[in-house]
Amino acid sequence: MAASSDVATIKLQRYINMPLVQRCKEIATLIDESSTTELQHVFSILVDSLFGITDNIGWGLHSITFKKNPQEHETLYNFLNPQGPVFSLCYKLLPDCYLKYNFPVSFLPVKIRSMLEEGVIPPFYLDKIRDDQGTRGVSALNMSILFIFLYTYPFEYYIFHFAYHLTNPWLQVQQQENIWINWETVYVQLAHCYLYHFLPKDNSPVLPIISPYIRKTPQRKLVQSPESKRMQTPRLLRTSILSPGSPNSTTSVPQQQCLPQVWRSETVVQVFLDFWVEYIEDDQLNPRISTAYSASVPRRHSIHSGEHIRLVRAFIKTLHEFANSTIGDKSAMDELKR
């Protein structure tokens with residue numbers, strides 16, 4: 001007899017082949033009624049199908065608009081919004097601190113890939129480089145970038161894939177519509193929703209509050225070369241928040257209380273920043289960057305899509321509003337805003 005996890009996987013694969021509206025309904029029920037164990041493998045298959053990681057098509061986030069497909073647009077928006085079934089699935093899986101998913105380093109922007117190949121690991125990615133027999137993955141970074149993965153929690157895994165979906169070169173190749181007018185899509189609406197939800201301007205907490213989750217950032221000295229040191233990007237949160245017990249700490253709020261308040265906000269800001277704003281494809285950035293990668297994917301367009309331009313503008317505007325909404329209460333969220 002098949003294990004319950006196999007049954008859930010079989011159901012999901014059947015639902016994925018249904019029309020979009022029925023698909024979302026059935027998968028939402030599956031998420032609600034299944035256990036964490038049953039959903040562990042379901043999650044990665046769902047994300048793969050949703051963003052077209054394997055078939056480069058996905059569920060049409062860049063083509064479905066309210067004007068052309070009102071029912072599909074509303075259904076998909078409700079399915080993927082921060083209070084919807086997919087985020088419910090992320091949070092359902094989150095309490096298992098050993099449950100992580102592999103995000104290909106080859107999907108990262110060229111600047112981050114270049115840094116990793118040089119052995120320079122930005123602080124945000126420190127706890128995401130997979131261990132390589134106790135070496136913390138440093139030796140593995142000298143291998144082909146195609147075979148290296150980030151080790152991400154469910155929420156991070158989803159956000160990474162969502163951000164990459166905007167700059168996925170395979171989707172750009174298949175895009176048929178005018179790239180300047182394609183900006184009223186469900187993807188754009190979801191991106192706006194994520195910005196408003198995870199970067200609140202009214203000082204409200206990000207819901208739901210995930211109190212059991214504490215990110216553990218390993219203490220490790222970064223490997224830096226003189227020419228790559230200038231590329232180093234600091235972590236968004238100051239050391240006083242990440243390590244409240246340090247001599248330079250200026251806050252009395254325990255780390256256990258700080259990180260649950262802000263880790264999702266920090267993730268959204270840093271990932272959107274790296275994928276959307278730091279978006280460059282410059283061969284001169286690192287002439288030694290893996291030729292295997294360059295030959296395996298199409299070149300990204302030098303002209304950004306209407307979606308991309310609109311979302312970068314919205315992102316920068318939201319960051320300004322978020323930063324200007326500090327109230328001086330010395331909370332972790334207020335620290336992130338500063």
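Is Trp-276 buried or exposed? Select Trp-276 and have a look: its relative accessibility is 2%, which counts as buried. Here, buried means under 20% relative accessible area, exposed means over 50%, and partly exposed is in between, using a 1.4 Å probe and protein chains only.

Before moving on, a word about what's on your screen. This is a predicted model, where local features need pLDDT of at least 70 and side-chain atom pairs count only at pLDDT 80 or more, while totals for chains, interfaces and linings use all residues. Residues are numbered from 1 along each chain as its sequence is written, and side-chain values use heavy atoms, with hydrogens and water left out.

**Stop 1: the whole chain**

Zoom out and colour by secondary structure. You should find 15 helices and 2 strands; helices (H or I, at least four residues) and strands (E, at least two) are DSSP runs, numbered from the N terminus. Of the 338 residues in the protein chain, 53% are buried. Now switch on the surface: its accessible area is about 16,100 Å², and carbon and sulfur atoms own 54% of that. Those areas come from the Shrake-Rupley method with a 1.4 Å probe, and for residues only the protein chains shown count as cover.

**Stop 2: the rings around Phe-272**

Go back to Trp-276 and add Phe-272. Both sit in helix α12 (residues 255-277), 4 residues apart, so about one helical turn separates them. An α-helix has 3.6 residues a turn, so residues three or four places apart point the same way. Phe-272 is buried too, because its relative accessibility is 0%.

Next, add Phe-315. The ring centres of Phe-272 and Phe-315 are 6.1 Å apart with planes at 75°, so this pair is edge-to-face. It links distant parts of the chain, as Phe-272 is in α12 and Phe-315 is in helix α14 (residues 306-323), 43 residues away. Phe-272 and Phe-315 are both buried.

How many aromatic pairs are there? The count is 32. Rings of Phe, Tyr and Trp (its six-membered ring) pair if their centres lie within 6.5 Å; planes under 30 degrees apart are stacked, over 60 edge-to-face, and the rest tilted. The Phe-272 and Trp-276 rings are among them: with centres 4.1 Å apart and planes at 20°, they are stacked.

**Stop 3: the nonpolar core**

Select Trp-59, Leu-61, Leu-80, Leu-108, Tyr-158, Phe-162 and Trp-276. These touch the most other members of the largest nonpolar core, which has 87 residues. A nonpolar core is a set of buried Ala, Val, Leu, Ile, Met, Phe, Trp, Tyr and Cys residues joined through side-chain atoms within 4.5 Å. In soluble globular proteins, nonpolar side chains tend to be buried together.

Which residues does Leu-80 touch, leaving aside its neighbours within four places in sequence? They are Leu-50, Leu-61, Val-86, Phe-87, Tyr-158, Leu-190 and Tyr-194. A contact here means heavy atoms within 4.5 Å.

Now highlight the helix that holds Leu-80, α4 (residues 70-80), where His-73, Thr-75, Leu-76, Tyr-77, Phe-79 and Leu-80 are buried. To see what covers them, show helices including α2 (20-33), α3 (36-51), α5 (85-93), α7 and α9 (186-198).

**Stop 4: charges**

Select Lys-128. It's buried, with a relative accessible area of 0%. Add Asp-127 and Glu-156, and you have three residues linked in a network of salt bridges. A salt bridge is a side-chain nitrogen of Lys or Arg within 4 Å of a carboxyl oxygen of Asp or Glu. From Lys-128, the closest N and O atoms are 3.1 Å apart in the bridge to Asp-127, and the N to O distance is 3.4 Å in the bridge to Glu-156. Lys-128 lies in the loop between α6 (110-117) and β2 (149-152) and Glu-156 in helix α7 (residues 154-167), so their bridge ties together parts 28 residues apart in sequence.

Keep Lys-128 on screen and add Phe-124: the charged end of Lys-128 sits over the Phe-124 ring, 4.1 Å from its centre. For this, NZ of Lys or CZ of Arg must be within 6 Å of the ring centre and within 35 degrees of the ring normal. Arg-23 sits over the ring of Trp-59 with its charged end 4.6 Å from the centre.

Last, select Asp-334 and Arg-338, whose side chains meet in a salt bridge (3.0 Å, N to O). Asp-334 is buried at 1% relative accessibility, whereas Arg-338 is partly exposed at 45%.
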